[in-house]
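Please look at the sequence and the structure shown below, and then follow the report on how charged side chains and strands are arranged in it.

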Amino acid sequence: MIRMFDARDLDQVMELWLNGNIEAHDFIPRNYWESNAPMVREQLLQAEIYVYETDGKILGFVGLQGDYLAGIFVDRHARSMGIGGQLIHYVQKIRRTLTLNVYRKNQSAMEFYLREGFSVLSEDIDEATGETDIVLSWKFEERNRL
């Protein structure tokens with residue numbers, strides 16, 4: 001079930017965030033993510049977050065800051081089960097446009113977002129990591145009705 005984040009979810013969400021970043025970005029030193037965790041913890045309390053929960057356990061979440069998709073994270077044991085797709089479709093129903101950043105080397109994320117209808121807007125170098133960072137966007141399009 002997808003539901004709105006509650007402050008009681010913070011520890012589980014932070015665990016997903018930290019583990020997800022370390023696993024997906026093995027090209028960035030682990031201490032980068034660990035040192036940013038306190039700041040992210042505070043930002044999560046200000047963001048619009050939806051969690052995917054089963055039997056009291058949060059298996060994934062998506063974070064929004066306005067129309068900016070700050071990230072989708074799914075527990076590694078629950079990946080390839082459609083949870084990420086359900087989360088992205090959920091926010092695509094409540095937003096008309098979305099933008100996000102993804103590292104070029106994170107090929108699985110790039111493929112996921114492109115498959116979900118996102119397009120490349122630009123690319124640059126992330127000064128904090130020195131890695132190529134891609135900006136992707138998505139816009140709601142009315143389908144022609146007969």
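Arg41 is partly exposed, with a relative accessible area of 30%, where buried means under 20% relative accessible area, exposed over 50% and partly exposed in between, judged with a 1.4 Å probe on protein chains only. The model is a predicted one, in which local features need pLDDT of at least 70 and side-chain atom pairs count only at pLDDT 80 or more, while totals for chains, interfaces and linings use all residues. Residues are numbered from 1 along each chain as its sequence is written, and side-chain values use heavy atoms, with hydrogens and water left out.

The side chain of Arg41 meets that of Asp11 in a salt bridge, at 2.6 Å from N to O; such a bridge is a side-chain nitrogen of Lys or Arg within 4 Å of a carboxyl oxygen of Asp or Glu. Because Arg41 lies in helix H2 and Asp11 in helix H1, the pair ties together parts that are 30 residues apart in sequence. Helices (H or I, at least four residues) and strands (E, at least two) are DSSP runs, numbered from the N terminus. Asp11 itself is exposed, with a relative accessible area of 52%.

The search of the whole structure finds 11 salt bridges, including those in this table.

| Pair | Closest N to O distance |
|---|---|
| Arg41 and Asp11 | 2.6 Å |
| Glu23 and Arg79 | 2.8 Å |
| Arg95 and Glu48 | 2.4 Å |

Arg95, in the loop between H3 and E5, and Glu48, in strand E2, are 47 residues apart. Arg95 is buried, with a relative accessible area of 14%, whereas Glu48 is partly exposed at 22%. In addition, Arg3, Asp9 and Glu53 are linked in a network of salt bridges.

What is the nearest side chain of opposite charge to Glu116, which is buried yet has no salt bridge? It is Arg115, 4.6 Å away, where Lys and Arg count as positive and Asp and Glu as negative, while His and the chain ends are not counted. Glu116 is found in the loop between helix H4 (107-115) and strand E6 (119-125).

Turning to the strands, E5 (residues 97-103) and E7 (residues 132-139) run antiparallel and are joined by 7 bridges, and two strands pair if DSSP finds at least two bridges between them. Within E7, Trp138 stands opposite Leu98, while Leu136 stands opposite Val120. E6 and E7 also pair in the antiparallel sense, over 6 bridges.
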